[in-house]
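Welcome, and thanks for taking a walk through this model with me. Please keep the sequence and the 3D view open side by side as you read.

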Amino acid sequence: MKISDFRALVEQRRSIRGYDESKAVPRELITEILDCARWAPSGGNGQPWEFIVVTDRETRHKIADYYMKQLEQKREMDLAVRGTAKMTGDGFRHAPVHVVILGDPRVKESYPIRTKLEKAESHFITGLANATLLIHLAATCLGLASQYVSDANSPYMETMLKVLLKIPEPLRIYHVVPI
């Protein structure tokens, strides 16, 4: 691969906020995307990620409902402080696949003591970010749209998603990536 090919891929990637849920994403493509993500670099090769693939329509719509609910306070705060609120909607509701990216903080225990004390949280988050970026690039490479839903780890939405998806402690929700 040439750097020009990679740069073209990077420049082509966009966050898409509207989907057609009648267009299914083949399971093989999701498997391919997640296989790419698991090659992401991570501190101490801790690989702190786990992925939940949500294809059930009712569950995907519930995820979008939680997102919209948690936006209410966010919008109210922005209006109070800034006098304006620029929030996106739930266009990802109709994406046929939602990938929920989870992090397992227990990986921090495997770091050398000094690294654990100084950089454990940074390494943990960076590994999850690297895996998330590879999901977006792999989706783009396959001609699929994706979006970055970072509010999935807000206290309200994370709590609700953990209950909905039966996510055990101590796993943490990092982000949701609709595809």
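How many disulfides does the structure hold? The answer for this predicted model is zero. Cys36 is a good place to check that: the nearest cysteine sulfur belongs to Cys141 and sits 7.6 Å away. A disulfide needs the two sulfur atoms within 2.5 Å, so Cys36 is in no disulfide, and Cys141, whose nearest cysteine sulfur is that of Cys36, is in no disulfide either. As for their surroundings, Cys36 is partly exposed, because its relative accessibility is 32%. Cys141 counts as exposed, because its relative accessible area is 57%.

Let us turn to charged pairs. A search of the whole structure gives 15 salt bridges. One of them joins Arg60 to Glu21, with the closest N and O atoms 3.2 Å apart. Arg60 belongs to helix α3 while Glu21 sits in the loop between α1 and α2, so this pair ties together parts that are 39 residues apart in sequence. Is Arg60 buried or exposed? Arg60 is buried, because its relative accessible area is 4%. Its partner Glu21 is partly exposed, at 23%. The two side chains also count as making a polar contact, at 3.2 Å.

It helps to look around Arg60 a little longer. Helix α3 covers residues 57-82, and Arg60 lies within it. Leaving aside neighbours within four places in sequence, Arg60 is in contact with Glu21, Val54, Thr55, Arg93, His94, Ala95, Pro96, Val97 and His98. There is a network of salt bridges here too: Glu21, Arg57 and Arg60 are its linked members.

Helix α3 has another salt bridge to show you. The side chains of Lys74 and Asp151 meet with an N to O distance of 2.8 Å. Lys74 lies in helix α3 and Asp151 in the loop between α4 (113-141) and α5 (155-165), so the pair ties together parts that are 77 residues apart in sequence. Lys74 is partly exposed, because its relative accessible area is 31%. Asp151, on the other hand, counts as buried, because its relative accessibility is 13%.

A further salt bridge links the side chains of Lys116 and Glu109, again described by an N to O distance of 2.8 Å. In this pair Lys116 is partly exposed, with a relative accessible area of 31%, whereas Glu109 is exposed at 55%.

Now go to Val25, which you will find in the loop between α1 and α2, where α2 covers residues 27-37. Val25 is buried, because its relative accessible area is 15%. Which residues does Val25 touch, not counting those up to four places away in sequence? They are Ile30, Pro96, Val97, Leu144 and Ile179. For a sense of scale, try picking the C-alpha atoms of Val25 and Lys74: these two residues are 49 residues apart along the chain, and the atoms are separated by 32 Å.

The surface offers something else to look at. Met1, Ile3, Phe6 and Val10 make a nonpolar patch of about 460 Å². Ile3 is found in helix α1, which covers residues 3-12. Ile3 is exposed, because its relative accessible area is 69%.

Finally, the backbone deserves a look, since you may want to check torsions. Where is there a cis peptide bond? One joins Glu169 and Pro170, with omega at about 10°. Pro170 is in the loop between α5 and β3, where β3 covers residues 172-178. That loop also holds Lys166, which has a positive phi of about 55° although it is not a glycine. Lys166 is exposed, because its relative accessible area is 71%.

Asn45 is another non-glycine residue with a positive phi, here near 50°. Asn45 has its place in the loop between α2 and β1, the strand of residues 49-54. Asn45 is exposed, because its relative accessible area is 53%.

Methods: Residues are numbered from 1 along each chain as its sequence is written. This is a predicted model: local features need pLDDT of at least 70, side-chain atom pairs count only at pLDDT 80 or more; totals for chains, interfaces and linings use all residues. Side-chain values use heavy atoms; hydrogens and water are left out. Patches are made of residues with over 30% relative accessible area and no salt bridge: like charges are joined within 9 Å, nonpolar side chains (Val, Leu, Ile, Met, Phe, Trp, Tyr) within 5 Å. Accessible areas come from the Shrake-Rupley method with a 1.4 Å probe; for residues, only the protein chains shown count as cover. A salt bridge is a side-chain nitrogen of Lys or Arg within 4 Å of a carboxyl oxygen of Asp or Glu. Helices (H or I, at least four residues) and strands (E, at least two) are DSSP runs, numbered from the N terminus. Buried means under 20% relative accessible area, exposed over 50%, partly exposed in between (1.4 Å probe, protein chains only). Contact means heavy atoms within 4.5 Å. A polar contact is a pair of N or O atoms within 3.5 Å; within protein, one must be able to donate a hydrogen and the other to accept it, and residues adjacent in sequence count only if both atoms are side-chain atoms.
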